[in-house]
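Q: Please take a close look at a single part of this structure, for someone who is new to it. Say also how far the model can be trusted there.

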Amino acid sequence: MPAVPSADGGQVNSGIVVFSSTRKALYVNEAGQQLLRQLNRNENGQSAGSAIPRSVNHLLDEMLPLLQVGCADRGWKQLEAKRLVIAPDRSVMVRTFGIP
């Protein structure tokens with residue numbers, strides 16, 4: 001996957017994390033692991049361990065009900081939620097896509 005230029009002149013890889021409806025991580029690429037660790041440190045301190053960061057949990061809270069409604073409607077409408085996560089060293093746009 002190609003790196004994306006960042007505002008400070010560096011490059012940022014796209015982090016990809018795939019969660020099940022039970023919030024279990026089914027797939028995480030290396031950039032996704034780094035992103036989750038960084039969000040955890042920023043939101044929960046060094047003792048966060050492998051917990052899902054609060055910002056990602058909030059997105060899952062938003063997306064999972066949309067998926068339940070999407071499945072009930074039997075439609076293939078694109079389900080998306082996004083949130084800007086502001087950290088001391090950089091801000092990150094976190095986007096979720098739901099697949100019914």
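A: What follows describes the hairpin of β3 and β4, then the confidence of the model. This is a predicted model, where local features need pLDDT of at least 70, side-chain atom pairs count only at pLDDT 80 or more, and totals for chains, interfaces and linings use all residues. Residues are numbered from 1 along each chain as its sequence is written, and side-chain values use heavy atoms, with hydrogens and water left out.

Strand β3 covers residues 17-19 and runs antiparallel to β4, with 3 bridges joining them; strands pair if DSSP finds at least two bridges between them. Strands here are DSSP runs of E, at least two residues long, numbered from the N terminus. Val17 faces Val28 of β4 across the pair. Between the strands are 5 residues, and Arg23 has a positive phi near 70°.

Leu26 belongs to β4, which spans residues 25-28. With a relative accessible area of 54%, Leu26 is exposed, because exposed means over 50%, buried under 20% and partly exposed in between (1.4 Å probe, protein chains only).

On confidence, pLDDT is the predictor's score for each residue, from 0 to 100. Among the elements of the chain, β4 has the highest mean pLDDT, 90, while strand β1 (residues 4-5) has the lowest, 45. Over residues 1-7 the pLDDT is below 50, and this stretch has 15 contacts in the model beyond near neighbours in sequence, a contact being heavy atoms within 4.5 Å. Where pLDDT is low, the predicted coordinates should not be read in detail. The chain averages a pLDDT of 76, and 73% of the residues score at least 70.

Key. Helices (H or I, at least four residues) and strands (E, at least two) are DSSP runs, numbered from the N terminus.
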